[in-house]
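Q: Could you show me how to read the sheets and helices of a model that is new to me?

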Amino acid sequence: MGRSFEVRKASMAKTAGAKTKVYSKYSKEIYVVAKNGSPDPEANLALRGLIERAKKEQVPSHVIDKALDKAKGGAGEDYEAARYEGFGPGNCMVIVDCLTDNNKRTFAEVRQCFVKTDSKLGGPGTVAHMFDHQAIFAFAGDDEDGILEILMMDDVDVTDVEVEEGMTTVFAPHTEYFKVKTSLTNAMPDIKFEMEEITFVPQTYTKIEGEEDLAAFEKFQAMLDDCDDVQNVYHNAEL
C-alpha cells in the first residue's frame, strides 16, 4: 500500500470518541479560533475551514452557533493550546494536542494515560521532528499530472500528489492549506473532498505486535479519548 493509504489509515485511527466528544472538541476549537481572530467566518479563513470540517462531521448548527455567540460575547473560558509528546505502547511515537484552561490538570491527566500503559511522556520536540505538519486533501480522481499542473499554475507549494485506487491525495505544507483548497475548488467547482485537514503525518511507522502491546495501545487510546481537554492524537502505530 502507498503512503496515501497509510495517511488515510492514520487519520482514521486518530482519537474520535463519541458524538458528544466530537461536538465538545469542535465547540471549544471554534470558540478559541473565533475569539482569537474574527467571529465572522467570511473574514476568518481558519474559522471558515474549521466550521466546514465540523459540518462534515455532522456537528449540529446550534453547537457551532453557540460557540460563535460565546466568542462574540468576549467573556468565557480562557483556553490555550498544550502539546505533549512521547512514546506509546509498542514504542510508537505519539503527539497529543489539547486545549485547556488549566495546564496542571491537563498535564496530570495526559501523564496518567502514559504512566498506566507503561508509556513514556517526553518533553517538547521528543518526537515531533519525526512527523511532517501537512495539509492533506483527498478526492476521487486519477489525473495526477493535471492536478499538479493546476496547483503549480496557482503558485501553490506542493509536497506531493499521489493517485491510488481512484483516489487522489495532495500533500502540502500546513501553511498552504487555504491556497490548495482555493486552487482546487476554483478549477473544479464540483470537487468533493473525502479528506481536508491539517495533520501530523509520520515519516515512519511502528508495527504494534503482540496481544499485550495491542491491548495496551487500545487502553492508551481509550484513556486519552476520555480526557476532555484532548483535541487530537497523532501517532505512527501500524496495527
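The dialogue below takes up the sheets, then the helices that pack on them, and then the contacts between helices.

Q: What kind of model is shown here?
A: The model is predicted.

Q: Through what do the strands of a sheet pair?
A: Strands pair through backbone hydrogen bonds, and the pairing may be parallel or antiparallel. In this structure, one open sheet consists of 4 strands in the order β5-β6-β4-β7, with antiparallel pairing. A further open sheet of 4 strands follows the order β3-β1-β2-β9, and its pairing is likewise antiparallel.

Q: Which strands stand at the edges of the sheet β5-β6-β4-β7, and why is one side of each left without a neighbour?
A: The edge strands are β5 (160-164) and β7 (193-202); each has a single partner strand, so one of its sides has no neighbour in the sheet. From strand to neighbouring strand, the average turn is 20° in this sheet, direction ignored.

Q: How many bridges join β5 to β6?
A: Strand β5 and strand β6 (residues 167-173) run antiparallel and are joined by 5 bridges. Taking one residue as an example, E162 has T169 of β6 as its bridge partner.

Q: Which helices pack on this sheet?
A: One of them is α6 (residues 144-153), which touches β4 (131-140), β5 and β6. The direction of α6 makes about 155° with that of β5. Helix α7 (residues 177-187) also packs on the sheet, where it touches β4, β6 and β7; between the directions of α7 and β7 the angle is about 155°.

Q: How should the packing of α3 and α7 be read?
A: One reads the angle and the distance between the axes. Helix α3 (residues 45-56) packs with α7 at an angle of about 65°, and their axes are 11 Å apart. The angle makes α3 roughly perpendicular to α7. The crossing of α3 past α7 is left-handed.

Q: Which residues make this contact?
A: Helix α3 contributes L45, A46, G49, E52 and R53, while α7 contributes Y177, F178 and K181. By class, the residues in the contact of α3 with α7 are 4 nonpolar, 1 polar and 3 charged.

Q: Where does UniProt place a domain?
A: An unreviewed UniProt entry places the feature "domain: TACO1/YebC-like second and third" at residues 79-237. Within the model, this span is 31% helix and 38% strand, and its end C-alpha atoms lie 29 Å apart.

Q: What are the edge strands of the sheet β3-β1-β2-β9?
A: They are β3 (120-122) and β9 (230-235), each of which pairs on one side only. The twist from one strand to the next averages 25°. Strand β1 (residues 80-87) pairs with β3 over 3 bridges in the antiparallel sense, and the bridge partner of E85 in β3 is G122.

Q: Which strands does α5 touch, and which does α8 lie across?
A: Helix α5 packs on the sheet and touches β1, β2 (93-100), β3 and β9, its direction making about 20° with that of β1. Helix α8 lies across β2 and β9 and runs at about 155° to β9.

Q: At what angle do the axes of α5 and α8 cross?
A: The axes of α5 (residues 103-115) and α8 (residues 211-225) cross at roughly 170° and come within 9 Å. This angle makes α5 roughly antiparallel to α8. The contact involves V110, Q112, C113 and F114 of α5, together with F220, M223 and L224 of α8. Its residues divide into 6 nonpolar, 1 polar and no charged.

Terms used
Residues are numbered from 1 along each chain as its sequence is written. This is a predicted model: local features need pLDDT of at least 70, side-chain atom pairs count only at pLDDT 80 or more; totals for chains, interfaces and linings use all residues. Side-chain values use heavy atoms; hydrogens and water are left out. Two strands pair if DSSP finds at least two bridges between them. Helices (H or I, at least four residues) and strands (E, at least two) are DSSP runs, numbered from the N terminus. Axes are lines fitted to C-alpha atoms, for helices over the stretch in contact, and angles run from 0 to 180 degrees between N-to-C directions. Contact means heavy atoms within 4.5 Å. Angles under 35 degrees count as roughly parallel, over 145 as roughly antiparallel, 65 to 115 as roughly perpendicular and the rest as oblique. A crossing is left-handed if the near helix is turned anticlockwise from the far one by less than a right angle, and right-handed if clockwise. Ala, Val, Leu, Ile, Met, Phe, Trp, Tyr, Cys and Pro count as nonpolar, Asp, Glu, Lys and Arg as charged, and the others, Gly among them, as polar. UniProt positions are given in the numbering used here, feature names are shortened, and annotations may be inferred rather than shown by experiment.
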